[in-house]
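Open the structure in a viewer and keep the selection tool at hand. The stops below say what to select and what is there.

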Amino acid sequence: MAALDRVKVLVLGDSGVGKSSLVHLLCQNQMLGNPSWTVGCSVDVRIHDYKEGTPEEKTYYIELWDVGGSVGSATSVKSTRAVFYNLLNGIILVHDLTNKKSSQNLYRWSLEALNRDVAPAGVLVTNGDYDREQFADNQIPLLVIGTKLDQIPETKRNEVLTRTAFLAEDFNAEEINLDCTNPRYLAAGSSNAVKLSRFFDKIPGFTERKRFGGGALKSLHYD
Amino acid sequence: MSFLIDSSIMVTSQVLFFGFGWLFFMRQLFKDYEVRQYVVQVIFSVTFAFSCTMFELIIFEILGVLNSSSRYFHWKLNLCVILLILVFMVPFYIGYFVVSNIRLLHRQKLLFACLLWLTFMYFFWKLGDPFPILSPKHGILSIEQLISRVGVIGVTLMALLSGFGAVNCPYTYMSYFLRNVTDADILALERRLLQTMDMIVSKKKRIAVAHRTMFQRGEVHNKPTGFWGMIKSVTTSVAGSENLSLIQQEVDALEELSRQLFLETADLHATKERIEYSKTFQGKYFNVLGYFFSIYCVWKIFMATINIVFDRVGKTDPVTRGIEITVNYLGIQFDVKFWSQHISFILVGIIIVTSIRGLLITLTKFFYAISSSKSSNVIVLLLAQIMGMYFVSSVLLIRMSMPLEYRTIITEVLGELQFNFYHRWFDVIFLVSALSSILFLYLAHKQAPEKHMAL
């Protein structure tokens with residue numbers, strides 16, 4: 001096994017959109033049999049082949065940190081969650097295709113995670129206004145995933161997919177729409193699997209990756 | 001003619017209340033969810049509108065607005081509609097939405113919903129048996145039967161909420177009970193949490209690597225399922241898989257630990273925020289208020305005990321008694337009839353407004369705490385049911401706070417209920433609820449500092 005460096009990707013989204021099912025699908029290639037409330041944060045590990053098929057192929061662990069909660073929580077809950085946002089390398093934003101509010105809340109989720117990093121003094125910018133400028137110089141790659149695709153009737157699919165395409169464009173990110181109970185959507189070679197690989201490959205410089213955040217907790221990171 | 005004017009006034013006010021309930025639903029309760037079934041929103045707003053109309057009628061009774069006979073008519077009408085909603089519509093829809101959440105019963109949704117509603121009606125009826133609430137000369141389907149049962153449930157709810165609220169209010173307001181939390185405590189706990197997460201990650205990496213090597217070697221790791229699988233696993237156990245299941249158990253234990261640590265950290269953050277709040281001007285004001293509330297709470301518990309022990313039900317309402325005291329002992333002469341009307345209007349108004357506001361806030365908190373995207377409809381309907389029953393029983397109990405001349409309309413409309421029973425029942429449940437809340441808060445308070453000592 002090649003050198004396995006540490007890469008941390010956050011999985012964010014409203015309660016009940018399917019983050020735990022998604023993480024289970026990505027890491028175990030199986031459907032999650034008994035989904036239940038995520039209290040705090042649950043981590044799972046996916047083995048990823050960086051630059052698969054090329055001579056520079058290396059294998060990495062990608063840690064998927066699935067942080068539970070609601071975007072409108074009290075400030076104390078947000079500061080408790082903030083401890084998980086340190087040293088992150090990528091963000092997967094998950095929304096429910098059947099619930100428009102969960103898509104709108106993604107802006108606030110991304111601000112919460114990114115602002116924590118940019119201002120290591122711990123000041124949370126909570127006015128929640130979305131400003132594209134803040135994403136312009138963002139170095140952390142984003143991916144937007146829409147879940148519960150099977151629950152959308154065929155007739156409405158087009159308008160839903162148009163809406164999510166706009167959403168992904170706002171974040172300057174790729175988007176994948178799937179149903180977390182069906183491994184078929186991420187089968188090897190499908191366009192979704194290719195997008196996923198491309199996203200993980202985008203995580204900057206596996207060997208010389210930038211460290212974000214810091215302060216007192218920096219010393220906790222040990223290999 | 002005047003009847004038409006009165007009715008139009010009532011209808012306008014009902015529409016206003018309906019609109020308010022609608023807005024409250026959209027802005028507060030369903031802030032984070034998408035409303036897909038509008039029938040839920042309609043039912044909630046309708047329940048709210050009719051409950052508020054009842055309070056409005058009480059106020060009109062005191063102030064003498066509208067014609068007496070039209071008031072009586074509207075009372076009866078309102079009561080019928082509310083009972084219809086609380087006993088027939090809301091339980092049926094609760095059953096319907098519960099059934100639609102379960103995938104298996106999708107086909108015969110209506111059938112199962114009706115079955116659930118019939119079970120509810122059975123238990124609802126049986127509720128009346130152990131209580132001495134009715135004189136036997138009433139028929140089966142009279143309003144009194146339904147109201148008495150709704151009243152019992154509602155009064156129990158009111159007493160539970162009020163007992164808990166009376167104890168919890170000073171506990172949260174007063175800064176005397178705040179535990180001392182320093183930044184160092186929080187940092188230490190966060191460090192432990194992250195260390196636990198790191199340990200989970202390293203163990204999961206080992207599991208992932210083991211899976212991958214087994215997959216690449218062509219052994220597909222099958223968990224033994226079924227009867228034959230178990231027999232097979234006894235004789236042919238792969239060494240790797242045993243190791244893996246051991247690591248998996250360790251991971252499960254660590255995950256449980258991480259959840260505990262997360263909850264404790266969240267608790268510490270919340271306490272720290274409360275400490276900072278208590279240093280502000282608003283915080284100090286609430287602190288002082290908390291002392292007054294604790295005195296009030298002790299007094300209420302004392303009065304409830306006295307009422308039960310001496311089997312005493314107050315005959316005169318506080319307004320008349322207050323006026324009697326001022327007239328007799330302090331010698332201040334003033335027009336009793338005029339002032340009693342206005343003072344009771346203010347008193348009853350305050351009681352109504354605070355109980356509505358308190359109930360809505362409590363409902364919102366409950367809703368945020370327990371709802372999820374699947375169960376939000378059911379929970380909102382349950383809350384509408386609770387709200388309706390609560391308001392109906394408030395009307396029952398408010399009768400005691402009003403002077404005699406205004407009580408008659410309520411007595412007439414609600415029929416011959418044993419009002420004294422309801423007050424006694426309220427006192428009993430209030431006492432039980434307040435004492436158990438004190439015990440519960442004491443235990444919770446004691447337990448928390450010990451946990452931090454152990455760090």
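Start in chain B of this predicted model by selecting helix α2 (residues 38–63) and helix α12 (residues 376–398), whose axes lie 9 Å apart at an angle of about 10°. An angle under 35 degrees counts as roughly parallel, so α2(B) is roughly parallel to α12(B). Next, show the side chains on the α2(B) side of the contact: V40(B), I43(B), F44(B), T47(B), F48(B), S51(B), M54(B), F55(B) and I58(B). On the α12(B) side, the residues to pick include N377(B), L381(B), A384(B), G388(B), F391(B) and V395(B). Colour the contact of α2(B) with α12(B) by class, and 15 nonpolar and 5 polar residues appear, with no charged ones.

Stay in chain B and select helix α3 (residues 68–101) together with helix α13 (residues 404–414). At what angle do the axes of these two helices cross? The crossing is at roughly 45°, and the axes come within 10 Å. The two helices, α3(B) and α13(B), are therefore oblique to each other, and their crossing is right-handed. From α3(B), the contact takes in Y72(B), W75(B), K76(B) and L79(B); from α13(B), it takes in I409(B), E412(B), V413(B) and L414(B). Sorted by class, the contact of α3(B) with α13(B) holds 6 nonpolar and 2 charged residues and no polar ones.

Now move to chain A and select R81(A) and E112(A). Their side chains form a salt bridge, with 3.1 Å from N to O. R81(A) belongs to helix α2 (residues 75–81) of chain A and E112(A) to helix α3 (residues 100–118) of chain A, so the pair, 31 residues apart, links distant parts of the chain. Over all chains, a search of the whole structure finds 9 salt bridges.

Finally, colour chain A by pLDDT. The mean for chain A is 73, and 76% of its residues reach 70 or more. Which elements of chain A have the lowest and the highest mean pLDDT? Helix α4 (residues 132–136) of chain A has the lowest, at 59, and strand β4 (residues 90–96) of chain A the highest, at 87. Then select residues 118–128 of chain A, where pLDDT stays under 50 and the model has 6 contacts beyond four places in sequence. The last selection is residues 207–223 of chain A: pLDDT stays under 50 there too, and the model has 31 contacts beyond four places in sequence for this stretch.

Terms used: Residues are numbered from 1 along each chain as its sequence is written. Chains are lettered from A and ligands numbered from 1 in the order in which they are written. This is a predicted model: local features need pLDDT of at least 70, side-chain atom pairs count only at pLDDT 80 or more; totals for chains, interfaces and linings use all residues. Side-chain values use heavy atoms; hydrogens and water are left out. Axes are lines fitted to C-alpha atoms, for helices over the stretch in contact, and angles run from 0 to 180 degrees between N-to-C directions. Helices (H or I, at least four residues) and strands (E, at least two) are DSSP runs, numbered from the N terminus. Angles under 35 degrees count as roughly parallel, over 145 as roughly antiparallel, 65 to 115 as roughly perpendicular and the rest as oblique. A crossing is left-handed if the near helix is turned anticlockwise from the far one by less than a right angle, and right-handed if clockwise. Contact means heavy atoms within 4.5 Å. Ala, Val, Leu, Ile, Met, Phe, Trp, Tyr, Cys and Pro count as nonpolar, Asp, Glu, Lys and Arg as charged, and the others, Gly among them, as polar. pLDDT is the predictor's confidence in each residue, from 0 to 100. A salt bridge is a side-chain nitrogen of Lys or Arg within 4 Å of a carboxyl oxygen of Asp or Glu.
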